[in-house]
Amino acid sequence: MRTRIRTYATAATVVAAATAGLTLPASAAAPPQTASDFNADGYADLAVGVPDGAVGGKARAGYVNIVWGGPKGIGAHGSIRISQATAEVPGTPETGDRFGASVALVDTSGDGVAELLVGAPGEDVTGRGTDAGSVTAVGGAKGGPGPGSVVLNGPSASAAFGLAVASADLTGDGSRDIVVGGKDKVVLRTADGIYTTVLTAPMGGRAPILTSGDFTEDGTADLAVGYWTNTPFTQSHVRLWAWDATEQAVVNTWNTDNAGVSALAAGDFDGDGHDDLALGECREIADENVDDPCGPEEIAKGGGIHVHYGNATPGSFGFRKQTLNQDTVGVAGVAEAGDRFGAALAVADINNDGRDDLIAGAPGEAIGTRSGAGAATLLFGGPTGLVDAWGEGHSVGFQQDTPRVPGVAEAADAFGAAVATGDYNHDGRADVAVGSPGENAGSGGVWLLPRASVNGSSAFTPAKLGLPSPSSALAYGRYLSSQ
């Protein structure tokens, strides 16, 4: 089984905010690694973006809360805050910067310690204008953050660079490159300093959705981008780009249009050694389309997950497809309008069977009469993928009314708005983190499901971690990043 090279990234807008679960799962044939270890202690950590938090009295200046992993997982070993007031971080906290609107914990240098990539789409850049946006990289180190530097500033006013950020070795040189998304542009910065525009399109203020995997079967990561355009009318696209060494740029290799998505995730769900692409909360955008880009329309009710499968034949990615929703036999829950099933996705081989599994958030799920309480579902991969030969799924559902899960499901909790995975207690098995930004009147919280199980599950909130203004509307848990 070849080594996995895919990554997961975050985006932050009203439509795409729930895609903030960036994960960097390990090979399906090996236990999870500590790719998100920020403090070099051997445990995976979790980054929680809090762009609505105040810093130094500046409203919505924003910060990132790094929650340490340890023998008891995340939430029991303390945390630190990183903002533009942190000595190692360039810049100054300003009202509306929204530092933390996208976050990624990734080992870009290959030294076993993760760096933190942070988007600040509201950053004003001298000479470029208001809300040009910026992405900053902060080094990991024992005992706390290392030096930080600016990765890329937006080119002009309202460019909002930092709405999305991702990292993967797209050029195949062994070093991770950084992808930055703004309102109307996606830009790649290679490890050796080459800047190239991936995409320019009028996205109507929505953030692009980013992930990566080897979809072209050349041994190098490719970039997947989901985005919406609004000129001359609303359209939606999911497209793949691969690096062309001759042109020193990325080239478009595969498209599916009129497929509106809120999340993307890559994984080997059928265990054949080839990366597959899951489209979360997939819905058709364009009544005249006859190709059903998200599969049968009835399976999109409440939010459908549409999977394009990879195979060994170059150029044939995505020919085999599957679609499932909460009305699929074996999938927890019932499909209802507004559930937003698949609005957040994360991937890991939870049961160590050599096939990746998919964690899907449904932040709009009603629990009884409590609308928007939210839920998360673990969908198991199998020999034919997420749906078996009989058309059935295999899953486990979680929500705050599930026995042994802390808390009580309440209206507008939005449990499942973000999901992430990591081996937070370093026991060789992947754990799941679930964000609930509506918890406690919008203060928010994060739930830990060790080994994706209710056994030993726990929750932590801004108050428990001692964060400032814990009762204000921090929406803590909306933006998550781990391995």
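Start at Q326: a polar atom of its side chain sits 3.4 Å from the backbone oxygen of A332. Keep in mind that this is a predicted model, with distances computed from its atoms. The side chain of Q326 also has a polar contact with the side chain of E365, again listed at 3.4 Å.

Where does Q326 sit? You'll find Q326 in the loop between β23 (320-324) and β24. Is Q326 buried or exposed? Its relative accessibility is 4%, so Q326 counts as buried, the cut-off being under 20%. Leaving out residues up to four places away in sequence, Q326 touches V331, A332, G333, V334, A335, D339, F341 and E365. Both polar partners, A332 and E365, are in that list.

Now follow the chain on to the strands. Strand β24 covers residues 344-348 and runs antiparallel to β25, with five bridges joining the two. If you want a spot to look at, find V347, which stands opposite L358 in β25. On to the next pairing: β25 also pairs with strand β26 (residues 375-379), in the antiparallel sense and over five bridges. Here I359 of β25 faces L378 in β26.

So what does that leave for β25 itself? Six of the six residues of this strand (residues 357-362) are buried, so β25 is largely enclosed by the rest of the structure. Look along the strand and you can sort its side chains by direction: D357, I359 and G361 point one way, while L358, A360 and A362 point the other way. Whichever way they point, all of these residues are buried.

Definitions and conventions: Residues numbered from 1 in each chain as written. Predicted model: local features only at pLDDT ≥ 70, side-chain atom pairs only at ≥ 80, totals over all residues. Heavy atoms only, no water. Buried < 20%, exposed > 50% of the residue type's maximum accessible area, 1.4 Å probe, protein only. Helix = DSSP H or I, 4+ residues; strand = E, 2+ residues; numbered from the N terminus. Pairing = 2+ DSSP bridges. Polar contact = N/O pair within 3.5 Å; in protein donor to acceptor, adjacent residues only side chain to side chain. Contact = heavy atoms within 4.5 Å.
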